[in-house]
Amino acid sequence: MKQQKSYRLFLALLGVAMLCLYLLDVPTLSDDIIYRFMWQEDESAPVESIRSLGDVFRSQWTHYMVTNGRWVVHVMAQAFLVFVPPVVLEVINALLFVLLIHLSACWLTADPSRRLFAAVAVSFFVLVVIRGLSTTMLWNIGTFNYLWVLTATMGLLLWMRRRKERPLTVATVLLAPLAFFVGCSHEGLSLPMSIGFAAYLFINRKQPTARRLAIPMLWYMVGTLCVLASPGIWNRSTEGITMLNRFLSGAINLVFNMRVFWLLLLTLAVCWRRDKAATRKAVSERLPAFVTLLAAVGIVVLCGTNLERVCFFVEFISTLLLIEVLTMRVGNVWQRRLAALASVVMLIMLVPACLVRQENHDCWRRAEAQMKAPGRELIAVSCPVRGENKVMDYFRDRYVNPCITFGYYSSYMAFDSTDVNMRCAARLYGKEKLVFLPDDVVSRICHDPTAYTEPELCADQSLYVWQLPDSTTTVSKVTFVLDDEDLSRLMPHQRLLAYKEPTYEVDDYRYEVVEVSGRPYLVFTRPMTNVMRRLNHIEYE
């Protein structure tokens with residue numbers, strides 16, 4: 001009874017902590033803005049507002065055809081972002097996070113008195129260990145794609161586990177089609193899950209439990225096929241990415257973005273050395289789950305994108321398997337000690353997490369006040385400069401998806417008023433156009449007409465700014481002229497990624513001529529380090 005009370009208290013405190021984090025949510029200029037409008041086949045098409053649920057479904061049909069097949073998730077995303085007040089969504093997300101932890105704990109152990117360790121462990125790994133939290137659980141669109149998907153999936157798994165020991169009933173048959181909608185969620189999870197379900201049905205084909213679970217599993221697989229049938233997902237998967245680049249991105253993900261996966265393998269290796277028979281039995285009993293994990297790893301390796309969030313499903317599956325192994329190997333006394341230590345660590349990290357999210361919240365509110373100001377089109381963005389406080393940089397990376405970003409790795413060019421994200425933001429705030437620049441750049445330009453007569457980097461080193469002659473209104477090419485480089489002097493990883501050409505041309509969507517205070521300025525992104533270390537000078541045409 002005491003353990004159950006402690007479990008409920010932990011979930012309540014976790015809910016309060018997550019609500020504090022979610023209440024500091026602000027939209028980003030990327031998908032959070034775009035999903036408030038009709039999806040277009042061509043990004044250069046006029047921006048159309050969503051006014052009804054019918055518009056949402058029409059928008060998602062286009063989305064399904066040109067982008068990806070997550071129509072269930074993104075119908076909910078567009079509907080909630082357009083028609084539901086932000087504070088309501090933030091409360092729902094906090095409740096869903098607690099529900100996810102509860103469902104995970106219930107899946108890990110059927111004994112209510114032992115769920116506290118499982119719940120604390122899952123929370124600790126998600127909030128502290130796994131990379132990509134800021135772009136999954138703490139990002140408006142990310143919550144739909146990851147938090148909501150994982151919660152629905154864990155609910156389905158738990159429901160199926162409880163059904164497998166009971167006779168097939170009419171209620172089971174009637175509820176099974178709901179698995180179709182869960183299967184339509186996110187191909188990064190539903191495809192590995194479908195492969196795992198197929199493995200389960202094959203391994204247990206002679207068992208009556210497999211026959212009972214076959215109906216919801218098959219419905220789930222049909223949903224997965226519905227996602228994979230999207231023309232958009234195949235168009236994106238073949239967008240000029242070579243197999244070499246796919247494997248390089250996969251290697252980066254394996255080395256830098258997966259932590260729990262390697263910890264699981266290490267734990268299994270230690271268990272194998274101590275007791276081969278018990279380890280073999282434990283793995284064989286969970287073979288479908290390990291098949292699911294390996295399928296998820298395969299997708300990450302071949303996806304061609306080295307983002308932290310693409311590894312999140314792999315890490316979450318690894319977390320559940322690792323906690324199962326630890327639960328078998330660690331006694332009750334050590335479980336309580338580890339749970340207490342993990343709770344203290346999470347509590348300590350909550351304070352700076354709230355501070356950096358408040359910082360991002362304030363940054364957005366300052367920008368939003370300018371966007372609401374009549375006649376103002378140039379928005380000065382005040383964001384923290386990386387490197388000034390490395391500790392806070394760590395917490396920003398983990399707990400904040402910046403509302404506005406600049407630079408090479410941004411998914412939008414905030415200084416380009418023709419960028420679809422900027423056009424959506426302008427429409428949202430009733431403007432003809434909006435241009436965003438770092439506040440240090442805007443301040444210097446406005447106070448010094450001779451500023452940036454030579455190309456210079458802004459304070460956070462993300463953008464170059466170069467004042468042009470008054471008669472120049474367009475630029476057709478920006479070229480970095482580079483020095484020669486002796487590859488033998490580089491580290492092995494630098495040689496692999498070395499840029500070998502004598503010049504580097506900036507992609508046409510990464511530069512723009514912006515007029516500020518009546519003067520034209522060429523703004524362009526700082527290229528990658530392997531280019532910058534060879535920089536001689538910059539030219540434009």
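Me: How many bridges join β5 to strand β6 in this predicted model?
Reply: Strand β6 covers residues 503-505. β5 and β6 run antiparallel. The bridges that join them number three.

Me: In β6, which residue is the bridge partner of T479?
Reply: T479 lies in β5, which spans residues 478-482. β5 is bridged to β6, residues 503-505. In β6, T479 has as its bridge partner E505.

Me: Which residue is the bridge partner of T479 in β9?
Reply: β9 spans residues 535-540 and runs antiparallel to β5. Five bridges join the two strands. Within β9, T479 is bridged to E539.

Me: Which residues of β5 are on the side with T479, and are they buried or exposed?
Reply: V478, F480 and L482 sit on one side of β5. T479 shares the other side with V481. Both faces are covered, and five of the five residues in the strand are buried. So the side with T479 holds T479 and V481, and by the cut-off of under 20% relative accessible area both count as buried.

Me: Does T28 count as buried or exposed, and why?
Reply: T28 is placed in the loop between α1 (2-22) and α2 (31-34). Its relative accessibility is 2%. Buried means under 20%. Therefore T28 counts as buried.

Me: With which side chain does the side chain of T28 make a polar contact?
Reply: T28 touches I33, W139, N401, P402 and C403, leaving aside residues up to four places away in sequence. The polar contact is made between side chains, at 3.0 Å. The partner of T28 in it is S30.

Key: Residues are numbered from 1 along each chain as its sequence is written. This is a predicted model: local features need pLDDT of at least 70, side-chain atom pairs count only at pLDDT 80 or more; totals for chains, interfaces and linings use all residues. Side-chain values use heavy atoms; hydrogens and water are left out. Buried means under 20% relative accessible area, exposed over 50%, partly exposed in between (1.4 Å probe, protein chains only). Helices (H or I, at least four residues) and strands (E, at least two) are DSSP runs, numbered from the N terminus. Two strands pair if DSSP finds at least two bridges between them. A polar contact is a pair of N or O atoms within 3.5 Å; within protein, one must be able to donate a hydrogen and the other to accept it, and residues adjacent in sequence count only if both atoms are side-chain atoms. Contact means heavy atoms within 4.5 Å.
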